[in-house]
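Q: Please take a close look at the charged side chains of this model. I would like to know how they pair, and where they stay unpaired.

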Amino acid sequence: MADAGSRRRISLRTRIVLAATAVVAIALLLGAAGFVVLLQNSLRESVKASAEQSLSDLENRVEASGLDSIRTDATGPQATDRGDDESDENDENDSGDGGNSDGDDGGGSGDGDSSDDDPLTQSTEDFLESFEDDEAFFQVIDDSGTVVASSENALAIGALAAPARDDARMTSLQGQSAEFLTVSAEADGFTILAGRSVEDIDETTSTVTRLLAIALPVLLAFVALTTWFVVGRSLRPVERMRREVDDVTSANLHQRIADPGSRDEIGRLATTMNRMLDRLDAAQTTQRRFISDASHELKSPLASMRQYAEVARAHPDRVSTNELSDVVLDEGARLERLVQGMLVLAKADERTLAPNRTAVDLDDLVLAEARRLRDTTALRVDVSAVGPGRVRGDIALLGQAMRNLADNAVRHAAGEVRFELAESDGQVLLVVSDDGAGIPEHDRERIFDRFVRLDEARARDAGGSGLGLSIVREIAVAHGGSVRASATAQGSARFELRLPAASDSLS
């Protein structure tokens, strides 16, 4: 519950920004980690390639010129014998070459310039220059495990363990803080090891990591701010619509939300809310009209009974007790029918008009209604076209619908009321028609509205309450059927009530 309350306190705009920023942050962190790993692997492959190139150069020089081509006195096993011999040799070389030094220098210079880039033809000193810094080393080990040649930075560490061929391993040298990526090869019975420092990999990775640590928060802040403004701009019409809807009351249901003019979700929301307001406005208008008409209809029998009662009390000789009781009974019955009809419609509006479904022989109801009309009216009642028809429904509601249709026909008939009943294609069709003036085509749907009476039926004694046909439609819909008004071949009124047959009805 506390989490739900905290979520409600956080605005939708804030939640969207937090979610978007979190998603972008996760994506950026994964991307940055992947980039660093790929960078490390790429740099490692580059260092390995450089080490393998150095190893290849060493291998080629040893195979071509022997060990002397990759070592000086300082890097060989006789390094401790240096001294006078080296000085004497240098003096002899200086004296011997003094006369033609220009020529030799010229020739040597020409050869050196042309071969400085070729490891096989470089002088030993030039070749070993690439191993004099702390970025590379090499060792040459004989079969007894003795180091017979090495770079200066690998002299004091003894023989190193050689990695497998075509493999590489990390090696630490004494006095060196950085590790070396080492590769090995066999040449003329010697094991040659060459290594390259990985210090640049660590420095580069550290630099990139620091830059990402600075750039990612800045980028996330930019994403958050951009999302904040974009979401705020998108939700601005929603907030405006909220304020407009909040101002709508029962007194101003005619007001509508301003259309943003877009075809996106916001525009569809405005259209939907306006449709909802249209329905509410129509429902309120119908309700007010219903209350007004019901009040008028309820007032009429009450006023009639009060008028007769006042006349009877003021002039007892003019209104007899029998006349007064007849008026009270008639108007009371009319009032009872009106209230009962209003209750049926109220249940229909609340979707609580649930029929108590049983098997009902509709032809029995039709014949009973025909007998009632013969007993109470002077009209001809034709039931020659009434056949069997069974439905599943509420016998009381169906009887009320039957009586409303019959009373409507009696009210407008000139001399005859006709009933027809038939069953076909899973439907039971009941037709009630009269020989009156008929219903104008443009009013055939409107007559099913509540408290609607056509002009010829405005008189209270002939027009009824205006609820009868509305009740018939609600009862038909509750039973899964329908009712419609049409005209006979002679232009008189014809009402068709269709209901599902018993075999196809809902149980």
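A: What follows starts with the salt bridges and then turns to the surface patches and a few single residues.

The model is predicted. The count comes to 19 salt bridges. The general idea is simple: side chains of opposite charge can pair when their charged atoms come close.

Start with the network. Salt bridges link Asp-382, Arg-418, Glu-420, Arg-484, Arg-494, Glu-496 and Arg-498. Within this group, Glu-496 pairs with Arg-494, with the closest N and O atoms 2.9 Å apart. Glu-496 also meets Arg-498 in a salt bridge, at 4.0 Å from N to O. The cut-off for a salt bridge is within 4 Å.

How does burial run through these residues? Arg-494 and Glu-496 are both buried. For Glu-496 the relative accessibility is 9%. That value is under 20%, so Glu-496 counts as buried. Arg-498 has 34% relative accessibility and counts as partly exposed. Glu-496 therefore has a buried partner in Arg-494 and a partly exposed partner in Arg-498.

Now take a single pair. Arg-390 forms a salt bridge with Asp-361, and the closest N and O atoms are 2.8 Å apart. This pair links distant parts of the chain. Arg-390 belongs to strand 8 (residues 390–393), and Asp-361 belongs to strand 6 (residues 358–361). They are 29 residues apart. Arg-390 is partly exposed at 41% relative accessibility. Asp-361 is partly exposed too, with a relative accessible area of 28%.

Next come the charges without such partners. Glu-125, Asp-126, Glu-129, Glu-132, Asp-133, Asp-134 and Glu-152 form a negative surface patch. Patches are made of residues with no salt bridge and over 30% relative accessible area. Two of the members can be placed in detail. Glu-132 sits in the loop between helix 5 (124–128) and strand 1 (136–141). With a relative accessible area of 55%, Glu-132 is exposed. Asp-133 also lies in the loop between helix 5 and strand 1. Its relative accessible area is 36%, so Asp-133 is partly exposed. From Asp-133 to Asn-153 the C-alpha atoms are 8.1 Å apart in space, and the two residues are 20 apart in sequence.

The surface also carries a nonpolar patch. Leu-225, Trp-228 and Phe-229 form it, with about 330 Å² of accessible area together. Phe-229 is in helix 6 (residues 199–246). At 57% relative accessibility, Phe-229 counts as exposed. Phe-229 and Arg-13 are 216 residues apart along the chain, yet their C-alpha atoms are separated by 9.3 Å.

Two more residues deserve a look. Asp-425 has a positive phi of about 55° although it is not a glycine. Asp-425 falls in the loop between strand 9 (416–424) and strand 10 (427–434). With a relative accessible area of 80%, Asp-425 is exposed.

Thr-191 is the other one. Thr-191 lies in strand 5 (residues 190–197). At 17% relative accessibility, Thr-191 counts as buried. The side chain of Thr-191 makes a polar contact with the side chain of Glu-186, at 3.0 Å.

Methods
Residues numbered from 1 in each chain as written. Predicted model: local features only at pLDDT ≥ 70, side-chain atom pairs only at ≥ 80, totals over all residues. Heavy atoms only, no water. Patch = residues over 30% accessible without salt bridge, like charges linked within 9 Å, V, L, I, M, F, W, Y side chains within 5 Å. Areas by Shrake-Rupley, 256 points an atom, 1.4 Å probe, with all protein chains shown as cover. Salt bridge = Lys/Arg side-chain N within 4 Å of Asp/Glu carboxyl O. Lys, Arg positive; Asp, Glu negative; His and termini not counted. Charge placed at Lys NZ, Arg CZ, Asp CG, Glu CD. Helix = DSSP H or I, 4+ residues; strand = E, 2+ residues; numbered from the N terminus. Buried < 20%, exposed > 50% of the residue type's maximum accessible area, 1.4 Å probe, protein only. Polar contact = N/O pair within 3.5 Å; in protein donor to acceptor, adjacent residues only side chain to side chain.
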